[in-house]
Amino acid sequence: MFLQNRINSWISSVAPQIALPLRIELWNGRSFDFSPETPRVTIRVPSPSAARYLLSPSLANLGTAYVEGFIEVKGRAADMIKVVNALAHSSLRQTGRLGRIVRTFQHSRKHDAEAIRYHYDVSNEFYQQFLDPNMVYSCAYFEQGDEDLATAQLKKIDHILAKIQLRPGQTLLDIGCGWGALVIRAAQQHGARCVGITLSENQFALAQERVRAAGLQGQVEIRLQDYRDVQGHFDRITSVGMFEHVGVKHLVEYFSIINRLLADDGLAMNHGITTTDPDNGETPYGGGEFIEKYVFPHGELAHISEVLRAMQQGQLEAYDVENLRRHYARTCAIWTENFEAHEDQVRALAGDKRFRIWHVYLAGCAYAFEQDLISLYQIVCAKAGRNPAALPWSRRYIYR
């Protein structure tokens, strides 16, 4: 009775603040609707011991309870995320452990390799269920806003290659090359000689296979290699969706290495997710805690100001900065729809628990980009101190 009274009191305090298409079903057969609207999300609490997750509904608590099977949640992922964020906002103060806390992690070659393999080496078939045919696992570029995902991902690659003004015969290093889409496109469309590096064994194997299938063995080399171990000089360097794994305290070192590898007249482009908290804090209400625990071990986001500062300290000058937050919100929304459309295949490939993890993660990312909790920037840069004549007069060259 005491627990039931606590739940009744919590619902009485929260429900008047928010009208949610939510139904809560308890272990004793009682249910509560949070609005007259037909519920789009149902949270079932199957035992009294699981009620504690509901009474403190942070993203970390409810996410953990859903992933571990302590509670059951039914509904589309996008609706689930909106409901849970509304519950957290109305029930919890955005301070302390539930606010935009700042955490840092130790990064080493060993730890970084383990984190990359944890995230990416699920299976190539798993990622094929929700990515485009080229398996580009980063923000797409919707030039007109109505492109399908495959088209938008090719446009993203072409947008990057236009920004770095890639020319035939130039050398290109792609740090964190994924399954090889960018280096293959750079070789085919621009005649570049490319090196792609990754720490994921699954990506390495499939990227090599795709290079061979395209007949580009003489132009494209895929390496299983840490960026800190690369030697030589490159006319162009790209890093797409990789620097989130570097660690905020290591950003200066990261950009210094890019500076070392870049030819004197070269161009580099960094494409990555940033926090919108100037203090480098995580998403509120425990969202970052959930991602660290289940999705991206040791992942860290820096504010754009921190990124630009570290870039300058690494002896690189930013030439062009573009915010693609809207594009990533749409990309993640499409990934979520694809993921749900292939639910049976995903469960067969990865199991129920990993399905639940990614179900929450993909939709949560879409929500975070929509709500300006995180963002995405492309930054074109070159060695600092160059003659200003090296800079273009306008951005028109990007859109020719």
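Two strands count as paired when DSSP finds at least two bridges between them. With that in hand, here's a first look around this predicted model. One open sheet has seven strands, another open sheet has four, and a search of the whole structure turns up one cavity of 30 Å³ or more.

**The four-stranded sheet**

- Reading across this open sheet, the strands come in the order β2-β1-β3-β4, and their pairing is mixed.
- At the edges you'll find β2 (31-33) and β4 (72-74), each with a single partner strand, so one side of each has no neighbour in the sheet.
- Going from one strand to the next, the twist averages 15°.
- Strand β1 (residues 22-26) and strand β3 (residues 41-45) run parallel, joined by five bridges.
- To spot this pairing, look for L26, whose bridge partner in β3 is V45.
- Helix α4 (residues 77-91) packs on this sheet and touches β1, β3 and β4. The direction of α4 makes about 65° with that of β3.

**The seven-stranded sheet**

- This one is open too, with mixed pairing and the order β7-β6-β5-β8-β9-β11-β10.
- Its edge strands are β7 and β10 (316-323), and each of them pairs on one side only.
- Ignoring direction, neighbouring strands here are turned by 15° against each other on average.
- Over at β10, the pairing with strand β11 (residues 374-383) is antiparallel and spans seven bridges. E317 sits opposite A382 in β11.
- Helix α7 packs on the sheet, in touch with β8 (234-240), β9 (262-275), β10 and β11. Compared with β11, the direction of α7 is off by about 30°.
- Helix α9 also packs on the sheet, touching β6 and β7. Its direction makes about 165° with that of β7.

**From β6 to β7**

- Strand β6 (residues 193-198) and strand β7 (residues 220-224) run parallel and are joined by five bridges. T198 stands opposite L224 in β7.
- To get from β6 to β7, the chain passes through helix α9 (residues 201-213), making a right-handed β-α-β crossover.

**Two helices that meet**

- Helix α3 (residues 59-67) and helix α11 (residues 287-294) have axes that come within 7 Å and cross at roughly 35°.
- On the α3 side, the residues are L59, A60, G63, T64 and V67, and they meet G287, E289, F290, K293 and Y294 in α11.
- By type, the residues of this contact are five nonpolar, three polar and two charged.

**The cavity**

- The largest cavity has a volume of about 460 Å³. It is lined by 33 residues, and those closest to its centre are G176, C177, G178, V240 and M242.
- At least two lining residues come from each of α5 (109-120), α7, β5 (171-175), α8 (181-190) and β6. Helix α5 gives the most, with three.
- The lining splits into 17 nonpolar, eleven polar and five charged residues.

**The second largest pocket**

- This pocket has a volume of about 320 Å³. Among its 15 lining residues, D158, A162, I398, Y399 and R400 are the closest to its centre.
- Helix α7 (residues 149-163) supplies the largest share of this lining, five residues.
- Here the lining is made up of seven nonpolar, three polar and five charged residues.

Definitions and conventions. Residues are numbered from 1 along each chain as its sequence is written. This is a predicted model: local features need pLDDT of at least 70, side-chain atom pairs count only at pLDDT 80 or more; totals for chains, interfaces and linings use all residues. Side-chain values use heavy atoms; hydrogens and water are left out. On a 1 Å grid over the protein atoms alone, a cavity is a set of points where a 1.4 Å probe fits but cannot get out, and a pocket is an open set with protein on both sides within 12 Å along at least five of seven lines; lining residues have an atom within 4 Å of a point. Grid points are joined across faces, edges and corners, and a volume is the space filled by probe spheres set on the points. Ala, Val, Leu, Ile, Met, Phe, Trp, Tyr, Cys and Pro count as nonpolar, Asp, Glu, Lys and Arg as charged, and the others, Gly among them, as polar. A crossover is right-handed if, with the strands pointing away from the viewer, the path from the first strand over the helix to the second runs clockwise. Axes are lines fitted to C-alpha atoms, for helices over the stretch in contact, and angles run from 0 to 180 degrees between N-to-C directions. Contact means heavy atoms within 4.5 Å.
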